[in-house]
Amino acid sequence: MNSTLSSAKAIALIVVSIAIVFGGIVFVDAESTIVLLAAGTAVIILSMLWGVKWDDIEKGILNNLRAMFIPILILLAVGLMIGVWMLSGTIPLIVYYGLLLIHPSVFLFVACLACALMSVMAGTSWGTIGTIGVAFMGVSAGLDIPLHYTAGAVVVGAIFGDKMSPLSDTTVMAAAVTDVKLVDHIKHMLYTTIPGFVISLIVFLILGFQVSGQIEDEQITSILTTLEANFTLNPLLLLPPVVILFLIYRGKPTLPVFGVGILLGVLLAAIFQGNGLAEIAAALNDGYTASTGVEVVDSMLQRGGLSSMLGTVALLIAAAIFGSPLQTAGVIDVILNGIQKVANTGKGIMLSSLSLHAFLFIITGSYYVTFAVLGPMMKSMYDKYGLHRKNFSRTLEDTGTALAPLIPWSVTGAFIASTLGVPVTQYAPFAPMLYLGIVFAIFYIFTGFGIAKVDVPEAGPEKSATAKKALQN
């Protein structure tokens, strides 16, 4: 896409959009959906006044929405699945076993490791968060552990697995758009991912030991008794998550797999809990709404349903309306051209690509968009300076996959907040791995440690001088 606006006008669009977004969220304290719609409207108006055609803007919005369509369907499917899994007793049973088996002091540590293991095997952070992640939130409420602590542990584990799994769509995509071997890409991410993951586990252990002494055995006993009284707790209720994990591990598409999970939940609700079609339909639409008479148990179980995800869908649509005009107006091209003129060393290119991708991701909220746009455009710059492209593929994930849960209007951030019931701003401080990856990436750029370089001959004779210079910077 060729640049439509001048550099000055492109910068003006960026300034206006940032001012509205941060002003609306930080100072006005307005809902993110309304703020993004306001920013998008302002950008559209300015773009059209400066000569950008509405047809092009509309086409850009539709293209972004098309990229978000499958994630939106998965989001809705997760809402349906949580509602019917609550009704069927699947999630209550996992909560029951969790309260019986996991000691409070190591709960956060175990939750993080379990989510990491499932996410690595299944290759999906969404699948992990929407299944055992929700169950861990219920156990957390039962143990009286702050929900934002648990949300942080679940998210760290799920995103770690998402980055490290060869089955993950983001991992495959980051390697593909940069022309890097998948195994090389995963190994290279260990430099920025493992330190943050280990630090996170230590934090979860510290937090766990701090809160474990405040937990009363009487409350746990009350919750267990209430679950036993309200549900038929049969080990067969674990069948849906086991089947889903198996199907995803076998590489089956996420949406049909979640459909199987919903169907199994419907059957188990009818067989084990004796629910009729009207009750099942109500749970699918509104989530689990029955009252057990015990407030803490109700807060654990009353969630899910199609309607619980509609606000998140509106947020994603607003994000597309906000980010698309900036792409259509050629703002990205102007920024790229500026980087090519300014960055003339290997360090400069790496810092520029890290900053640019993080910035574009914050604007668009979708790594499907930013990976596809920036990957092909910038990968050749790494060749020019004798840098292996896997440095760039790692950067895409550090500032995309890992950053996503920290952006409230991103597809992933919105999904997590809706599914776990904890706002991004509350769990973000307790998910260190998400931002430490960027910290370590910047440290490696300045020190040269963990930076892969290609042999000077591989850069080509005509580039050898430039490559030698880059290797020294």
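**Exercise 1. Work out how D179 and R389 are linked, and what that link spans.**

Start with the pair itself: in this predicted model, the side chains of D179 and R389 meet in a salt bridge, with N to O at 3.3 Å. That sits inside the 4 Å cut-off for a salt bridge.

Next, place the two ends. D179 is in the loop between α8 and α9, while R389 is in the loop between α18 and α19 (390-398), so the bridge ties together parts that are 210 residues apart in sequence.

Now check how covered each end is. D179 has 52% relative accessibility, so we call it exposed. R389 comes in at 18%, so this one goes down as buried.

**Exercise 2. Find the other salt bridges around this pair and decide whether they are separate or joined.**

Step one: look at D179 again. Its side chain also meets that of K379 in a salt bridge, 2.8 Å from N to O. K379 belongs to helix α18 (residues 367-384) and D179 to the loop between α8 (169-177) and α9 (182-212), so here the pair ties together parts 200 residues apart in sequence. K379 is buried, at a relative accessible area of 18%.

Step two: look at R389 from its other side. D383 forms a salt bridge with R389, and their closest N and O atoms are 2.4 Å apart. D383 is partly exposed, with 23% relative accessibility.

Step three: put the pieces together. Shared partners join D179, K379, D383 and R389 into one network of salt bridges. For the whole model, the count is 4 salt bridges.

**Exercise 3. Say how covered helix α19 is, and name its buried residues.**

Go through the helix residue by residue with the 20% limit for buried in hand. The tally is 9 buried out of 9, so α19 is mostly covered under that limit. The list runs K390, N391, F392, S393, R394, T395, L396, E397 and D398.

**Exercise 4. R303 is a buried charge. Which groups does its side chain reach?**

First, locate R303: it's in the loop between α14 (295-301) and α15 (310-328).

Then look for a charged partner. R303 has no salt bridge despite being buried, and the nearest side chain of opposite charge, D298, is 12 Å away.

So try the backbone instead.

- The R303 side chain reaches the backbone oxygen of T419 at 2.9 Å.
- It also gets to the backbone oxygen of L420, at 3.0 Å.

Finally, list the surroundings. Leaving out residues up to four places away in sequence, R303 touches I82, G83, M86, V134, M137, G287, Y288, T419, L420 and G421.

**Exercise 5. Describe the largest pocket and the elements that line it.**

Begin with the volume, which is about 550 Å³ for the largest pocket. Its lining has 24 residues, and I25, S32, P408, V424 and T425 lie nearest the centre. Two or more lining residues come from each of α1 (7-28), α2 (32-49), α15, α20 (411-420) and α21 (424-427).

**Exercise 6. Place L224 and find its contacts from elsewhere in the sequence.**

L224 is found in helix α10 (residues 217-230). At a relative accessible area of 12%, L224 is buried. Now skip its neighbours within four places in sequence: L224 is in contact with Y96, L99 and L100. Take L99 for a closer look: the C-alpha atoms of L224 and L99 are separated by 7.8 Å, with the two residues 125 residues apart along the chain.

Notes: Residues numbered from 1 in each chain as written. Predicted model: local features only at pLDDT ≥ 70, side-chain atom pairs only at ≥ 80, totals over all residues. Heavy atoms only, no water. Helix = DSSP H or I, 4+ residues; strand = E, 2+ residues; numbered from the N terminus. Buried < 20%, exposed > 50% of the residue type's maximum accessible area, 1.4 Å probe, protein only. Lys, Arg positive; Asp, Glu negative; His and termini not counted. Polar contact = N/O pair within 3.5 Å; in protein donor to acceptor, adjacent residues only side chain to side chain. Contact = heavy atoms within 4.5 Å. 1 Å grid on protein atoms, 1.4 Å probe; cavity = no way out; pocket = protein on both sides within 12 Å on 5 of 7 lines; lining within 4 Å. Points joined across faces, edges and corners; volume = space filled by probe spheres on them.
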